Amino acid sequence: MAHRGCLPFDPDPEHEARGSQRCASVRFSYAYLGKLVSTKGLRRVLEEKMPVLRALRRAAGQMLQHAACGCRSAALPRQSLGPTLWQIPADANFYSASFSGTDQPRVLITGGLGQLGMGLANFLRKRFGKDNVILSDIRKPSDHIFRSGPFIYSDILDCKNLRETVVNHRITWLFHYSALLSAVGEANVSLARAVNINGLHNVLDVAAEHNLRLFVPSTIGAFGPTSPRNPTPDLCTQRPRTIYGVSKVHAELMGEYYYYRYGLDFRCLRYPGIISADSQPGGGTTDYAVQLFHDAVKNGKFECNLKPSTRLPMMYIADCLRATLEVMEAPAESLSMRTYNVNAMSFSPEELAREVLKHVPEFQITYNVDSVRQAIADSWPMNFDDSNARKDWGWKHDFDLPELVTTMLNFHGFDTRVAQAN
């Protein structure tokens, strides 16, 4: 069966039945009127003397077209009748869940088995309690993940399933991490379009319908070769050349539109390359920096698919998770925009290798440039300007390159391995 899109406030079956009856009645009435006014002499007199009938005929034709489409129209949230397009509704705070000192948000994370979802779930469970943070994905979790806290099946392309999840678990915060990353998306554009764009539409509609606070991550990939690269500000030309980047610009704009149009509490951060010690690379262009540590500890050498001098903004996952929670907890009045750059450091493969060599003298790096990944990296920012995040809600990173390298090697047991060898 073909997938049906998710509309905000879909009518119930009884409403549809009543609508079908009304459409059938209208179809008959206006068809009969059309037959009458088609009589040659009477039609000419009526059209000359009663212009209103011409308007009725046009209306009849339009309604018959709608009737032929199944008597179903898109039901919009009630706020759509009030403010103009760029006017924030007076009751916008109604869409921003607030909590007392004892209440905690009920959190759903989509795409939870990806590079960031599991780390975010662990981070938020320490803050809000294990049972208040639900991890979801369409894949089967490992035993460790399944035992670590609530996990459910949830498919963002199935709007009914997503809505049931939000209702049944009384969700108030939604972190939408389902996406195909840059290199993987280029290998399967149709799937990336479905997941990154159609899935987002379902998430936005359900979030607006159920008054959720919604976080959608964006990326350095939301910029393109015509964007300023060093530094890249929050607001500038965005013309990405990948389906991943295009979908993220779409997410930024749609989230902002839902904020102004429906009062949806949408919040977004443009992540740099994220380096995580406890997860595998996920197919992104910046994931070379993650794989380098795995290979350095395992066999002392690494083959890089980018040029030695390719500089990109990066961040350790602990900073990334903290930034995500901080922007979600920031008072609404402190946010001057819906999407912010966040950054910690920028480095190239050769600079990262030099820092690793300080700890692993036998480490060797070679280069086998992937033309697709290199073209993507060359179109991305070299350095993020995140001054607005630092000014508006006090963002400040903890990890620079030396701290990053030490932390990653320690996590992978490098010191323990050396001690055992000695």
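These are legends for a handful of close-up views of a predicted model.

**View 1. The whole chain, before zooming in.** Here the chain comes with 16 helices and 13 strands. Of its 422 residues, 48% are buried. Long-range pairing does much of the work in the contact list: looking at contacts with a separation of 6 or more, 78% join residues 24 or more positions apart. On the outside, about 20600 Å² is exposed, with carbon and sulfur atoms supplying 54% of that.

**View 2. Helix α9, end to end.** This one covers residues 243-262, a run of 20 residues. At 1.5 Å a residue the helix should span 28 Å, and its end C-alpha atoms sit 27 Å apart, so the two figures agree. Just past α9 comes Gly-263, with a positive phi of about 75 degrees.

**View 3. The largest nonpolar core, and Trp-393 in it.** The core counts 70 residues, and Ile-109, Phe-175, Phe-347, Leu-352 and Trp-393 have the most contacts inside it. Setting aside neighbours within four places in sequence, Trp-393 touches Leu-269, Ala-323, Glu-326, Val-327, Ala-330, Leu-335, Tyr-340 and Val-342.

**View 4. Another core, apart from the largest one.** This separate core has 28 residues. Leu-200, Ala-207, Ala-208 and Leu-212 are among them.

**View 5. Two cysteines, Cys-304 and Cys-320.** Cys-304 has 0% relative accessibility, so it counts as buried. Cys-320 is buried too, because its relative accessible area is 0%. As for disulfides, with sulfur atoms required to be within 2.5 Å, the count comes to zero.

How values were computed: Residues numbered from 1 in each chain as written. Predicted model: local features only at pLDDT ≥ 70, side-chain atom pairs only at ≥ 80, totals over all residues. Heavy atoms only, no water. Helix = DSSP H or I, 4+ residues; strand = E, 2+ residues; numbered from the N terminus. Buried < 20%, exposed > 50% of the residue type's maximum accessible area, 1.4 Å probe, protein only. Contact = heavy atoms within 4.5 Å. Areas by Shrake-Rupley, 256 points an atom, 1.4 Å probe, with all protein chains shown as cover. Expected span 1.5 Å × (residues − 1). Core = buried A, V, L, I, M, F, W, Y, C linked by side-chain atoms within 4.5 Å.
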